[in-house]
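This briefing introduces one protein structure to a first-year student. Please keep the sequence and the 3D view at hand while reading.

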Amino acid sequence: MARAGGITNAVNVGIAVQADWENREFISHISLNVRRLFEFLLQFEATTKRKLASLNEKLDTLERRLELLEVQVGTASANPSLFRILVIMKPLGSVLNQVFRMNMQADFL
């Protein structure tokens, strides 16, 4: 009888060891996936910051151009001869605007 109890105990230990290995393997997979997710988030953050910084630079440039145009329009209102120059330059502004929009779309693709 003592021998039968020993075999049962050995079987129980074997089952416990097998379950422990399965748990460790599961935890290892979870840890690996958490690391991969963390690395992805770090890379995503860096990429997003870089794209937002580039977009911010473009917006700053546009704001400066807009301020310049506002001054030119104000000057043209005071001096109509300059208004003709602005009318000639308007198509150029449209082309620049289209180029900027294409660049913005390309940045996010």
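The points below are grouped by topic, from the whole chain to single pairs of side chains.

The structure is a predicted model. The protein chain contains two helices and zero strands. Of its 109 residues, 3% are buried.

**Overall surface**

- The protein chain exposes about 9,700 Å².
- Carbon and sulfur atoms supply 65% of that exposed area.

**The aromatic pair**

- A search of the whole structure finds one aromatic pair. Its members are phenylalanine 40 and phenylalanine 44, with ring centres 6.0 Å apart and an angle of 25 degrees between the planes.
- The pair counts as stacked because planes under 30 degrees apart are given that name, and the angle here is 25 degrees.
- Both residues belong to helix H1, which covers residues 2-78. Phenylalanine 40 and phenylalanine 44 are four residues apart, or about one turn of the helix.
- Phenylalanine 40 is partly exposed, because its relative accessibility is 47% and the class lies between 20% and 50%.

**The salt bridges**

- Side chains of opposite charge can pair when their charged atoms come close.
- The search of the whole structure finds two salt bridges.
- In one of them, the side chains of arginine 24 and aspartate 20 meet at 2.8 Å, N to O. Arginine 24 and aspartate 20 are four residues apart in helix H1, so about one helical turn separates them.
- Is arginine 24 buried or exposed? Arginine 24 is exposed, because its relative accessibility of 52% is over the 50% cut-off.
- Its partner, aspartate 20, is partly exposed, with a relative accessible area of 34%.
- Another salt bridge joins the side chains of glutamate 45 and lysine 49, at 3.3 Å, N to O. Glutamate 45 and lysine 49 are also four residues apart in helix H1, so they too are separated by about one helical turn.
- Glutamate 45 has a relative accessibility of 39% and counts as partly exposed, whereas lysine 49 reaches 54% and counts as exposed.

**The surface patches**

- Which residues form a nonpolar patch on the surface? The patch is made of Phe26, Ile27, Ile30 and Val34, which together have about 400 Å² of accessible area.
- Isoleucine 30, one of the residues of this patch, is found in helix H1. Isoleucine 30 is partly exposed, because its relative accessible area of 40% falls between the 20% and 50% cut-offs.
- A negative surface patch is formed by Glu57, Asp60, Glu63, Glu67 and Glu70. Among these residues, glutamate 70 lies in helix H1.

**Helix H1 in review**

- Helix H1 holds both rings of the aromatic pair.
- Helix H1 also contains arginine 24 and aspartate 20, as well as glutamate 45 and lysine 49.
- Isoleucine 30 of the nonpolar patch is in helix H1, and so is glutamate 70 of the negative patch.

How values were computed. Residues numbered from 1 in each chain as written. Predicted model: local features only at pLDDT ≥ 70, side-chain atom pairs only at ≥ 80, totals over all residues. Heavy atoms only, no water. Phe/Tyr/Trp six-rings, centres within 6.5 Å; stacked < 30°, edge-to-face > 60°. Buried < 20%, exposed > 50% of the residue type's maximum accessible area, 1.4 Å probe, protein only. Areas by Shrake-Rupley, 256 points an atom, 1.4 Å probe, with all protein chains shown as cover. Patch = residues over 30% accessible without salt bridge, like charges linked within 9 Å, V, L, I, M, F, W, Y side chains within 5 Å. Salt bridge = Lys/Arg side-chain N within 4 Å of Asp/Glu carboxyl O. Lys, Arg positive; Asp, Glu negative; His and termini not counted. Charge placed at Lys NZ, Arg CZ, Asp CG, Glu CD.
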